[in-house]
Amino acid sequence: MSDYKFYEQVNKNFDKAAVYTRFHPGLLKQIKICNTIYHVTFPLRRDDGTIEVIEGWRVEHSHHKSPTKGGIRYSHKVDEDETMALAALMSYKCAIVDVPFGGAKGGVKISTRDYSVSELERITRRYTYELIKKGFIGPGVDVPAPDYGTGAREMGWILDTYRQLSDDLNAEACVTGKPIQQGGIRGRTEATGRGVYFGIREACSVKADMDKIGLETGVEGKTFVVQGLGNVGYHASLYMTGAGAKMVGVAEMEGAIYDPKGIDLTALMEFRKETGSIIGFGNSKTLPSNKDALELECDILIPAALESQITGDNAKNIKAKIIGEAANGPTTADAHDILKDRGALILPDSYLNAGGVVVSYFEWLKNIQHVRYGRINKRFDESSFKKILNVIENISDRKFSDDEMLDLSHGAEEYDLVDSGLEETMITAYQQLLEIRNEHKLNDLRTSAYISAINKIGIMYEQMGIFP
Ligand code: NAD
């Protein structure tokens, strides 16, 4: 366990940014503090008949908007401090990308590898029941989502448990990241990694920033290293390699590998599935420890595992010119300063990994509207596009083939709309961060991101009339 108190790290970043805002210290304190903290313990009957006590938390950081929103993490490292930090980050993240939710986070202190699927189901259902009992879940109250160690399967169990105990018409909106058949949305699974890619692409398109760190614009041709090949790390790597970037290093629990010629992501995933490890893949070199991957020669480092990975101890050895924080809190405050001082471009977690909550917001909207995106307008759009194409054919010599007609008249499906909404959000938010950075003459996107969040949340409180 790291010596870094995660919540303290988040608050250090907050304080650094708060001096650039105009709010009263009392209001800043209100924004910073966690509003409600629920600590719960409950018994689990294990498959062998023994009883074990399970410990969990749900923290609602800010109620300036309802519902609150945030993932549920299953990890043996979960504790109250971590859950508070992650809940606070959720408030700031939602504000940065203009998602109208307050921040929350949940955690259960278990290592998923130590439990069978049916034990995990019992834990998830009982944890949900405890949240329901205390009013810590509901479509308009607090809406969980997946995080480290959880996914669509767990979200499905949560919905089913909630439904059994509630006749709420909007019950499906009590949790996001669900399987499609249970009201989930196409594009949610890959959303965080896809957002990471959009954010990196946006950063790499700013010529002045690339000139400063001695790189060409664009993602194509850049080398990157990823730490953690889970949901976020895998999908971020998938879109990065799809755009022509070269993956040269990977770290996972079992170790780390390096190949300057490039690592084939799909082949690596298959290899890991077969052998249970990334070690020994292709012509890659094995590194002494998985943390060594962070110090590899590369253009972009994507930490996508857990917090406090880049610290005051190893920051000086990190060679990447761009740090794309896919995980929450991977860089401690002192490490941030070391990286910044040597000129690295840090794309902060509160912006870069917001894709998950953006698409969760779309899922929640879909659930409360009770209609799939594209269902109403897709056919109408297609027939309008066909009419326009027919007019073009009639007034010109241009004739469209059947394939061209199909392609050009295609009406947007749910996935198309979700993806375009996510892309738009990540681009707009990045432009806002650049504006703030220029306005305050900062050389720091993390502080810019916090300023953005504090300003948006602060104004909400002012409008509520709580503060003069
Ligand atoms: P995940 O459980 O799917 O994957 C995490 C991966 O990291 C696993 O494969 C694990 O084996 C690996 N890992 C753990 N410790 C490691 C280490 N020391 N070195 C190398 N690899 C290690 O989790 P995820 O959902 O991908 O979440 C990863 C991070 O992204 C977390 O910080 C999470 O809070 C953040 N995040 C996730 C989402 C989401 O939608 N899932 C959204 C925003 C932020």
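**Exercise 1. Which strands does helix 3 lie across, and at about what angle does helix 3 run to strand 4?**

Before starting, note that this is a predicted model, where local features need pLDDT of at least 70, side-chain atom pairs count only at pLDDT 80 or more, and totals for chains, interfaces and linings use all residues. Residues are numbered from 1 along each chain as its sequence is written, and side-chain values use heavy atoms, with hydrogens and water left out.

*Solution.* Step 1: find the elements, which are DSSP runs numbered from the N terminus (helices: H or I, at least four residues; strands: E, at least two). Step 2: look for contact, meaning heavy atoms within 4.5 Å. Helix 3 lies across strand 1, strand 2, strand 3 and strand 4. Step 3: compare directions, using lines fitted to C-alpha atoms (for helices over the stretch in contact) and angles from 0 to 180 degrees between N-to-C directions. Helix 3 runs at about 150° to strand 4.

**Exercise 2. Work out the strand order and the edges of the five-strand sheet.**

*Solution.* Step 1: two strands pair if DSSP finds at least two bridges between them. Step 2: follow the pairs, and you get an open sheet in the order 1-2-4-3-5 with mixed pairing. Step 3: strand 1 (36-45) and strand 5 (142-146) each have a single partner strand, so one side of each is left without a neighbour in the sheet. Step 4: for a parallel pair, take strand 3 and strand 4, which are joined by five bridges; here Ile72 stands opposite Gly106 in strand 4.

**Exercise 3. Do the same for the seven-strand sheet, then place helix 8 on that sheet.**

*Solution.* Step 1: this open sheet has the order 9-8-7-6-10-11-12, again with mixed pairing. Step 2: its edge strands are strand 9 (285-287) and strand 12 (345-347), each pairing on one side only. Step 3: neighbouring strands are turned by 20° against each other on average, direction ignored. Step 4: strand 6 (residues 223-227) and strand 7 (residues 246-252) run parallel, joined by five bridges, and Phe224 has Met247 as its bridge partner in strand 7. Step 5: helix 8 (residues 231-242) packs on the sheet, touching strand 6, strand 7 and strand 10 (300-303), and its direction makes about 170° with that of strand 6.

**Exercise 4. Describe the surroundings of the ligand.**

*Solution.* Step 1: count a residue as near if one of its heavy atoms lies within 4 Å. Of the 22 residues around the ligand, Arg73, Asp147, Thr192, Glu252 and Asn328 come nearest. Step 2: helix 8 and strand 7 each supply at least two residues of this shell. Step 3: list polar side-chain atoms by distance to the ligand. Thr192 has one 2.8 Å from a ligand oxygen atom, while Asn290 has one 3.4 Å from a ligand nitrogen atom.

**Exercise 5. Which peptide bond is cis, and which residue other than glycine has a positive phi?**

*Solution.* Step 1: recall that most residues other than glycine have a negative phi, and most peptide bonds are trans. Step 2: the cis bond joins Ser66 and Pro67, with omega about -5°; Pro67 is found in the loop between strand 2 (51-60) and strand 3 (68-74). Step 3: Asp98 has the positive phi, near 55°, and lies in the loop between helix 3 (80-96) and strand 4 (102-108).

Terms used:
Polar contact = N/O pair within 3.5 Å; in protein donor to acceptor, adjacent residues only side chain to side chain.
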